[in-house]
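Q: I'm new to this one, so could you walk me through how to read it?
A: Sure, let's open it up and go feature by feature.

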Amino acid sequence: MHNSFLLVLVVLIAVGFDFTNGFHDTANSVAPTIATGAMKPRTAVLMSSTLNIVGAFLSLKVAATIASGIVSQSDIILPVVFAGLTGAIIWNVATWYLGIPSSSSHALIGGVVGAMLAHAGGHAVEWGGLVSKVLAPATASPIFALVIATVATTLSRRLTQKSDNTTKSWGMRTGQIGSSALLSIAHGTNDAQKTMGIVTLALVANGTLGDNAATPKWVVVMCGVGIGLGTYLGGWRIIRTMGQGFTKLSPTQGFASQVTSSVVILSSSHFGMPLSTTHVAAGSILGSGVGTKKRSVRWAVAGRVAIAWLLTLPAAAACGALSFLIERLVGFSFGQVVTGLLTIAFCAVIFKLSRRDRISAENVNDEWGGHTEALEHAKTNETVTRPTATTTEVKA
Amino acid sequence: MSVVIAASSGLIKWGLMGKIFVLSAGISIGLVVLFTLAVNSLSAWRRVGAAALSRALSATVVVVTSVAIAGTLVWGLYFIVHK
């Protein structure tokens, strides 16, 4: 009974992570499509959401766990998994609020590593695996994507100099829809399986499933729907940063960046070295900006994102470790309830804050800076009218 | 310092990374260039009075590009399903 309660909590928090994973990563596959007007925002996220669900059903070869080769498998217990997931959710929600595209996989790994450090100490973490499986690919992937997208965009721009704009824009936008669809399927397959792996691991650890049991259908459906729903609700704040913040994307740039992202992700998976979709997509978009005639890239925005990437592992690890320490302090069963409630409260506060400068399908394509300017304008008006209201109140 | 240690200790698989880069660059750039040529050809096709040879060339480029792109999509989907 005691273990079943812990298991239910782990499954619930895993679905929560799956959902944040979906809305956090929507931008990877649809940001350029929306920014160039190849598809309407709602249509693009609906397509991506549907294909994410399809992707979740396409392959069921679940990896042992997301943290395999990074933490000692024999030391993993349910509270560590729970704490790791809460750490990842907190980092995902915080970066979503700031509109920063950071890797959900790295957040999950960071959370689990932090919780494991708090549980068993440094010997339970395989530092070599962390470097070779996480840090090295994290550094290489955006550079690969940036270089390739720069060359592709430059060549495409030069080749289409004499084409008529109508045909060029139509052709490139059509191409973007295909590459965006492929990215969405790949994302559903890779990322939904991370959560499936975690839930399966929890079921095995609890004795509900045998060691070599296949992933139950309900887990597949739950994870597919979770990531699909998250994708549909759309991380508009991150879509805005990816589509408008790095550079002003033209259809030619959008097509070059999305083809690059799709091919880099598929090629790396082909060689057994899966890369972060977020890092690849961001690198490709930056490269498509560098490939323009004016090299028009907002490096300040790119710098802010790069700093967040550097902080992802340690910050998620700190959240995971803190969560585990609270669980241990209060007692694992009650502690999981407490940390779960704290995580929900944190998400609620961030959601409330996000309503102040809401970004949605309606304003996601506004000129970069325009949205902030409108807010400042509104605040100025508020400041001007407030004394009048106060005076009235005093008179009353 | 830690990067140097990691780079020299065999933790980073340079050969594998090189393969990924070369394959990705080849396919991405090839696809984008082929697609751009197809778009150019369509553009030429639409122009009134284009010469017969130009039209034939345009049609060839469009067909070759379409096959290449369809092939890549099929490879991608096949790989996603069977990996």
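**Helices that cross, and chains that touch**

A: Start with a pair in chain A: the axes of helix α5 (residues 127–159) and helix α9 (residues 251–270) come within 9 Å and cross at roughly 140°. This is a predicted model, where local features need pLDDT of at least 70 and side-chain atom pairs count only at pLDDT 80 or more, while totals for chains, interfaces and linings use all residues. Residues are numbered from 1 along each chain as its sequence is written, and chains are lettered from A and ligands numbered from 1 in the order in which they are written.

Q: What counts as a helix here, and how is an axis drawn?
A: Helices (H or I, at least four residues) and strands (E, at least two) are DSSP runs, numbered from the N terminus. Axes are lines fitted to C-alpha atoms, for helices over the stretch in contact, and angles run from 0 to 180 degrees between N-to-C directions.

Q: Which word describes how α5(A) and α9(A) lie to each other?
A: Angles under 35 degrees are roughly parallel, over 145 roughly antiparallel, 65 to 115 roughly perpendicular, and the rest oblique. So α5(A) and α9(A) are oblique to each other. Their crossing is right-handed, meaning the near helix is turned clockwise from the far one by less than a right angle; anticlockwise would be left-handed.

Q: Which residues of α5(A) and α9(A) meet?
A: Two residues are in contact if their C-beta atoms, placed from the backbone, lie within 7 Å. Among those in α5(A) are A:F144, A:I148 and A:R157, and the α9(A) side includes A:T252, A:V259 and A:V264. By class, the contact of α5(A) with α9(A) has 8 nonpolar, 7 polar and 1 charged. Ala, Val, Leu, Ile, Met, Phe, Trp, Tyr, Cys and Pro count as nonpolar, Asp, Glu, Lys and Arg as charged, and the others, Gly among them, as polar.

Q: How many residues of α9(A) are buried?
A: A residue is buried if 20 or more other C-beta atoms lie within 10 Å of its own, exposed if 12 or fewer, and partly exposed in between. In α9(A), 18 of 20 residues are buried. Just after α9(A), A:G272 takes a positive phi of about 75°.

Q: What about α3(A) and α4(A)?
A: Helix α3 (residues 78–97) and helix α4 (residues 104–120) of chain A pack at about 135°, with axes 7 Å apart. They are therefore oblique, and their crossing is right-handed. The contact includes A:W91 of α3(A) and A:H119 of α4(A); by class it has 10 nonpolar, 8 polar and no charged residues.

Q: Where do the end C-alpha atoms of α3(A) sit against the expected span?
A: The expected span is 1.5 Å times one less than the number of residues. For the 20 residues of α3(A) that gives 28 Å, and the end C-alpha atoms are 29 Å apart, which agrees. In α3(A), 17 of 20 residues are buried. After α3(A) comes A:G99, with a positive phi near 70°.

Q: And what does chain B look like?
A: Chain B has 3 helices and 0 strands. Of its 83 residues, 23% are buried.

Q: How many residues does each chain give to the contact?
A: Chain B gives 31 residues and chain A gives 41. On the chain B side, the largest share, 22 residues, comes from α2(B). That side has 22 nonpolar, 6 polar and 3 charged residues.
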